[in-house]
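Hi,

Here is the structure I promised to pass on. Have a look at it first, and then read on for what turned up.

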Amino acid sequence: MRTVTGAELKSVLHFRMLIERMRHTFRAGVEVPMRHHHTVETYGQSDGTLLLMPAWQVNQSIGVKVVTVFPDNGAKDLPAVQGLYLLMDGKTGMPQAVLDGTALTKRRTAAASALAASYLARPDSERLLMVGTGALAPELIEAFSTVLPIKHVLVWGRSLEKAKKVASRFHRPKFRIEATADLEGAVRGAQVISCATLAKEPLIRGEWLQPGAHLDLVGGFTPEMREADDDCIRRSRVFVDTREGACTEAGDIVQPMRAGILTDADIAGDLYDLTRGQRAGRRFYDQITLFKSVGTALEDLCAAQLAVEMVIHNDTIR
């Protein structure tokens with residue numbers, strides 16, 4: 001059985017290929033049962049979380065991601081979210097590969113946002129604002145610059161120093177990138193805003209969004225988390241990655257629904273609808289669009305299959 005490290009994943013999962021594979025996988029569909037979500041008690045610390053995320057394609061592949069979330073790990077200089085992905089043969093059940101689940105999640109999450117932007121952002125979008133300085137920030141910047149003609153990137157975080165570190169990770173990029181301490185000004189000037197934070201109170205105000213902006217919300221993955229306020233919802237054509245996930249887990253969707261600001265019918269579509277041509281994305285140039293994702297096991301399976309195909313191909317030509 002092959003082991004695929006995080007470094008190998010990044011070297012073989014090029015965003016252009018991954019985004020197109022993901023587009024085809026959403027069109028075709030896979031079996032994705034409800035994820036298992038378990039609370040794990042600890043002594044004297046915050047409870048941990050164990051997530052099991054299975055998916056399969058008949059006669060092709062079976063995959064399951066095992067993820068742990070331990071919020072207090074930061075104090076030990078350990079990542080809060082860790083995981084592994086096991087890929088198996090869909091005809092025999094034989095294990096094929098174990099992949100770095102954390103690296104896989106970062107790559108597929110950014111690819112899903114870029115896939116949505118290919119339908120929802122203005123095709124001439126040149127100015128990107130990255131809100132958040134965590135591990136997803138560089139991945140999202142790279143993914144968006146793959147599908148849009150990005151020329152200027154601003155990075156905002158609660159720590160300006162961390163924002164500068166994110167900007168400095170790009171060596172000779174094809175765009176200009178710098179940190180900013182002015183969130184409102186940066187939102188007002190951006191054509192695409194991507195948020196990947198653990199915020200529990202909204203950071204982005206709807207009144208700051210300019211006509212034609214696209215807002216991508218990645219960070220909030222529980223009903224208590226929130227990155228954008230109600231005005232963002234009111235002013236936007238709203239899309240999600242999957243209805244069942246976003247409508248139960250994402251505070252940016254769940255809270256406006258509880259308040260009567262958003263209904264099921266107000267959600268214009270999901271990635272299944274967009275990739276199958278069942279719903280139009282952006283309908284006019286100045287429309288504001290919003291995409292909220294919480295992740296789906298379909299994306300993990302798609303990325304794992306592509307990564308293993310590429311790794312095996314590379315092994316055979318060495």
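Two residues count as in contact here when they have heavy atoms within 4.5 Å of each other. On that basis, 27 residues of domain 1 are in contact with 25 residues of domain 2. Before going further, please keep in mind that this is a predicted model.

The domains themselves run as follows: domain 1 takes in 2-104 + 298-317, and domain 2 covers 106-297. Their C-alpha centres are 23 Å apart.

What lies between the two? The largest nonpolar core does, because domain 1 and domain 2 both give residues to it. This core has 64 residues, and Leu-13, Leu-99 and Ile-141 are those with the most contacts inside it. Helix 11 (residues 297-317) gives the most to this core, eleven residues in total. Another core lies apart from it and has 30 residues, including Trp-156, Cys-195, Ile-204 and Ile-233.

Ile-141 may be a good place to zoom in. Leaving aside residues up to four places away in sequence, Ile-141 touches Leu-128, Met-130, Val-153, Val-155, Val-166, Phe-170, Phe-175 and Ile-177.

One of those partners, Val-166, brings us to helix 5. In this helix (residues 160-168), Ala-163, Val-166 and Ala-167 are buried. These three cover an arc of only 100° around the axis, so they sit on the same side of helix 5. Glu-161, Lys-162 and Lys-165 are exposed on the other side of the helix. And what do the buried residues of helix 5 pack against? Their partners are helix 4 (136-147), strand 8 (152-156) and strand 9 (176-180).

Now some values for the protein chain as a whole:

- It has eleven helices and 14 strands.
- Its radius of gyration is 19 Å, which agrees with the value near 20 Å that a compact globule of 318 residues would have.
- Along the principal axes, the C-alpha atoms fill a box of roughly 55 × 50 × 40 Å.
- Buried residues account for 52% of the 318 residues.
- Of the contacts with a separation of 6 or more, 70% are between residues 24 or more positions apart.
- The accessible surface is about 14,500 Å², with 53% of it belonging to carbon and sulfur atoms.

I hope this helps you find your way around. Happy to talk any of it through whenever suits you.

Best wishes

Methods: Residues numbered from 1 in each chain as written. Predicted model: local features only at pLDDT ≥ 70, side-chain atom pairs only at ≥ 80, totals over all residues. Heavy atoms only, no water. Core = buried A, V, L, I, M, F, W, Y, C linked by side-chain atoms within 4.5 Å. Buried < 20%, exposed > 50% of the residue type's maximum accessible area, 1.4 Å probe, protein only. Helix = DSSP H or I, 4+ residues; strand = E, 2+ residues; numbered from the N terminus. Domains from an automatic or database assignment. Rg over C-alpha atoms; globule rule 2.2 N^0.38 Å. Areas by Shrake-Rupley, 256 points an atom, 1.4 Å probe, with all protein chains shown as cover. Arc of directions from axis to C-beta.
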